[in-house]
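The exercises below are meant to be worked through with the sequence and the coordinates open side by side. Each one sets a task and then gives a solution in steps.

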Amino acid sequence: METYDALLASIAPASGETRTILDPATGQAVGDAPIHGVEDLDRAVAAAQAAQPAWAALGHDARSAALLKAADAVDRAAEELARLLSREQGKPLNGPNARFEVGACSAWLRATASIPMEPETVVDDGETHAEMHYRPIGVVGAIGPWNWPMMIAVWQLAPALRMGNAVVVKPSEYTPLSVLALVSILNQELPDGILSVVSGGREVGARLAEHPAIGKIMFTGSTATGKAIIRSSAGTVKRLTLELGGNDAGIVLPDADPKTIAEGLFWGAFINTGQTCAALKRLYVHDDIYDDVCEALTTVAAAMPMGVGLDEANVLGPLQNRQQFDIVARLVEAAKDSGARVLLGGNPDPDQPGFFYPTTLVADIDNGNPLVAEEQFGPALPIIRYRTVDEAVAMANALDVGLGASVWSADPAEARKVAARIEAGTVWINSHGGVHPMIPFGGVKQSGYGVEFGVDGLKSLGVPQVING
Ligand code: NAD
């Protein structure tokens, strides 16, 4: 069993430049993170290159066994990891937050270890015998965001390791400690050099994307950065999996029961205080039940406690950083200025320490309003009225992103018909945002390309090779 202090000590930089990370709920120091530069990155990549062939030679069974042991190590340190995550990211321990995220890390490691990966015979007709194999790529770069820093790191590194690659992780500069701590725990069970973290800024990410010894980038973050990575990886024709921004629509059909769906709608939108890629970010409700849905959602939302993450009572936390707080505040002000009706929230307390923005619901808002058209990535949900399903589908599909979406109805078969018309990588029925380690997940349009999870996700961390003959 780790202690919290021992965990922090295990990642404390021994030398070099450091940066103090502040708790977004209190402004207090959480710990010091190293400031790594491109030379540190080059060293990590060289070590990964040196270690990777032996790791690849172990084969699937031995690598899976190592991932299972790494999952056990995460479970042993779970509470300390959750506390660090809560303090650095801001998310509460309880609810679908810090403890949930750490639990997802070990669950994803185990699931990734358990997926069968055999060569496939693609043609065997007596004349031709062709087999498809998936060989290791070599060294994979994993660049992550600050909203689910540990879980997303595992989504990237676990399949990469399983497929025989070494991994260099570049966490967000907002949440390096969580990823440094997670990797130090994983490395209790992995050979040296196979998995490392370079805790640097954008220039380190950019170097990773252009590095000649990196064969693939797993990237999760904004669409703007995704485009920068496409450009900087072009010179070396890197493989890319891009999980980018979204602006997920939810469509509530007129037969839905407002009270039954209210809690699901709430968590679909406000999980991680709205700082979730596939959160419900625009809610379209049929005119017949618009007022009832607004009322039921307001009742649920008003009862959800927001505050400092280490307080066991809270299920919502602060925004992770000032920049994101300012985006949410700007979008809600624009909505108010346009005459939209604020049902709840919308008035942050200027005297409250931390980046707390209250849970906010905005009704009678136009579809073209910036709070609808832009990704808010925070606790402010616009609720748009519609009159025909065609109109709702057209509004849902009008943006250039398409990560997730949802349809809410008492008739799942009818909901599935509407779902088929929505341009998104996943459409949930009567829920929003749930992910599963065996179900492929990825975006369409400018939400990215490639899928994670399941056998398709694993294959994307290998190089396909046909043996013909
Ligand atoms: P971001 O794009 O600002 O940063 C993500 C990472 O990219 C950070 O580690 C950053 O240092 C790095 N980076 C920045 N510039 C770079 C460059 N030029 N080259 C290489 N790396 C660079 O994103 P963020 O603000 O941390 O995350 C929020 C965004 O991520 C939201 O848009 C959200 O929707 C999206 N997101 C998507 C998913 C998904 O699965 N599709 C999941 C979580 C978050």
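A residue is taken to be near a molecule if one of its heavy atoms lies within 4 Å of it. The model used throughout is a predicted one.

**Exercise 1. Find which residues are closest to the ligand, and then establish which polar side-chain contacts reach its oxygen atoms.**

Solution. Begin with the neighbourhood as a whole: 29 residues surround the ligand, and the closest of them are Lys170, Glu173, Ser222, Thr225 and Glu375. Next, turn to the distances between polar atoms, for which a contact requires a pair of N or O atoms within 3.5 Å. Lys170 places a polar side-chain atom 2.6 Å from an oxygen atom of the ligand, and for Thr225 the corresponding separation from a ligand oxygen is 2.7 Å. Trp146 also takes part, since an N or O atom in its side chain is 3.0 Å from an oxygen atom of the ligand.

**Exercise 2. Describe the largest pocket by its volume and its lining, and work out where it lies with respect to domain 1 and domain 2.**

Solution. The first step is the volume, which is about 1000 Å³ for the largest pocket. The second step is to list what surrounds this space: the lining of the largest pocket is made up of 43 residues, and those nearest the centre are Trp146, Arg202, Gly221, Ser222 and Thr225. Sorted by class, this lining holds 18 nonpolar, 17 polar and eight charged residues.

The third step assigns the lining to elements of secondary structure. At least two residues each come from helix 7 (202-210), strand 8 (216-220), helix 8 and helix 11 (322-337), and helix 8 contributes the most, with six residues. The last step concerns the domains: because domain 1 (4-244 + 447-468) and domain 2 (248-429) both give residues to the lining, the largest pocket lies between them.

**Exercise 3. Decide whether helix 6 is enclosed or open, and then describe the setting of Glu189 in the loop that comes after it.**

Solution. A residue counts as buried when its relative accessible area is under 20%. By that criterion 10 of the 11 residues of helix 6 (residues 176-186) are buried, and therefore the helix is largely enclosed by the rest of the structure. The buried residues include Pro176, Leu177, Val179, Leu180 and Ile185.

Glu189 belongs to the loop between helix 6 and strand 7 (195-197). Its relative accessibility is 23%, so Glu189 is classed as partly exposed. As for its distance from another part of the chain, Glu189 and Ala334 are 145 residues apart in sequence, and their C-alpha atoms are 50 Å apart in space.

**Exercise 4. For Arg162 and Leu403, state the element or loop that holds each residue, its burial, and its distance to a residue remote in sequence.**

Solution. Arg162 sits in helix 5 (residues 149-162), where its relative accessibility of 3% makes it buried. Its C-alpha atom is separated by 9.3 Å from that of Ala62, although the two residues are 100 residues apart along the chain.

Leu403, by contrast, is found in the loop between strand 15 (401-402) and strand 16 (404-408). Leu403 is buried, having a relative accessible area of 1%, and its C-alpha atom is 8.4 Å from that of Glu243, with the two positions 160 residues apart in sequence terms.

**Exercise 5. Which phi values do Val237 and Asp364 have, and is each residue buried, partly exposed or exposed?**

Solution. Take Val237 to begin with: its phi is near 45°, a positive value in a residue other than glycine. Val237 is located in the loop between helix 8 (223-233) and strand 9 (239-243), and with a relative accessibility of 62% this residue is exposed.

Then consider Asp364, whose phi is near 50°, again a positive value in a residue other than glycine. Asp364 occupies the loop between strand 13 (360-363) and helix 12 (370-373), and its relative accessible area of 36% makes it partly exposed.

Notes:
Residues numbered from 1 in each chain as written. Predicted model: local features only at pLDDT ≥ 70, side-chain atom pairs only at ≥ 80, totals over all residues. Heavy atoms only, no water. Helix = DSSP H or I, 4+ residues; strand = E, 2+ residues; numbered from the N terminus. Buried < 20%, exposed > 50% of the residue type's maximum accessible area, 1.4 Å probe, protein only. 1 Å grid on protein atoms, 1.4 Å probe; cavity = no way out; pocket = protein on both sides within 12 Å on 5 of 7 lines; lining within 4 Å. Points joined across faces, edges and corners; volume = space filled by probe spheres on them. Nonpolar A, V, L, I, M, F, W, Y, C, P; charged D, E, K, R; others polar. Domains from an automatic or database assignment. Polar contact = N/O pair within 3.5 Å; in protein donor to acceptor, adjacent residues only side chain to side chain.
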